[in-house]
Amino acid sequence: MMTGSSAAHATIATNFVTDLRQALRGSSCRSFGSDMKIIANGTVRYPDVSVTCRPIGDRDGTVPDPVFVVEVISPSTEREDRGRKKFDYFATSLVRHYAIVEQDARCIDLYTRAGEHWTDEVVEGNAVLKLTALGIEIGLDAIYEGTALDPARQDSSGLAG
């Protein structure tokens, strides 16, 4: 488990959990941050964000059967997030989406399970992240809100254009 992160990393992860919570309201699915562990391919992992659609008790510390897993990468974690972690998540049968989120560019690698195969879609700019397994969409504007990559923040601070 890694401790400490940048403000951008923390903001993006918090935005993701919050946006997912709102989008999933009224469903059986719940989003969690990095304090909750998952078991991926027999390995304990603490992803930045996870979603399950299974019941979970208030005192439980493990997210059961994650459907969606997110890692916000940094130079020190990128190799692990794109390597061993990705393969562990791919080997976990109920994971349907795995997102690798850049914190220095508006760019997300979204891996989606289609049967036994995975497809990779690069979502960037002002696009929308389509999480078909959850039946929701989240715009990159919401994910990057409050960071240096937030157009509204750039406009109000005089940093843009």
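A salt bridge here is a side-chain nitrogen of Lys or Arg within 4 Å of a carboxyl oxygen of Asp or Glu. Arg-54 and Asp-65 fit that description, with their side chains meeting at 2.8 Å, N to O. This pair links distant parts of the chain, 11 residues apart: both Arg-54 and Asp-65 sit in the loop between strand 4 (49-52) and strand 5 (66-72).

Before going on, a word on where this comes from. The model is predicted, so local features need pLDDT of at least 70 and side-chain atom pairs count only at pLDDT 80 or more, while totals for chains, interfaces and linings use all residues. Residues are numbered from 1 along each chain as its sequence is written, and side-chain values use heavy atoms, leaving out hydrogens and water.

**The salt bridges**

The structure holds 10 salt bridges. Here are some of them:

| Pair | N to O distance |
|---|---|
| Arg-54 and Asp-65 | 2.8 Å |
| Glu-80 and Arg-45 | 3.2 Å |
| Arg-84 and Asp-88 | 3.3 Å |

Take Glu-80 and Arg-45. Glu-80 is in helix 2 (residues 78-82) and Arg-45 is in strand 3 (residues 43-45), so their bridge ties together parts that are 35 residues apart in sequence. Helices (H or I, at least four residues) and strands (E, at least two) are DSSP runs, numbered from the N terminus.

Now for Arg-84 and Asp-88. They are four residues apart in helix 3 (residues 84-90), which means about one helical turn separates them. Arg-45, Glu-80, Arg-84 and Asp-88 are linked in a network of salt bridges.

How much of each residue is on show? Buried means under 20% relative accessible area, exposed means over 50%, and partly exposed is in between (1.4 Å probe, protein chains only). In the network, Asp-88 is buried at 2% and Arg-45 is buried at 10%, whereas Glu-80 is partly exposed at 35% and Arg-84 is partly exposed at 42%. Back in the loop, Arg-54 is partly exposed at 41%, and Asp-65 is partly exposed at 33%.

**The sheet**

Strands of a sheet pair through backbone hydrogen bonds, either parallel or antiparallel. In this model, six strands make an open sheet in the order 1-4-5-6-7-8, with mixed pairing. Its edge strands, strand 1 (30-32) and strand 8 (117-124), each pair on one side only. To count as paired, two strands need at least two bridges between them, as found by DSSP.

Strand 6 (residues 97-101) and strand 7 (residues 107-114) run antiparallel and are joined by five bridges. His-97 stands opposite Thr-112 in strand 7.
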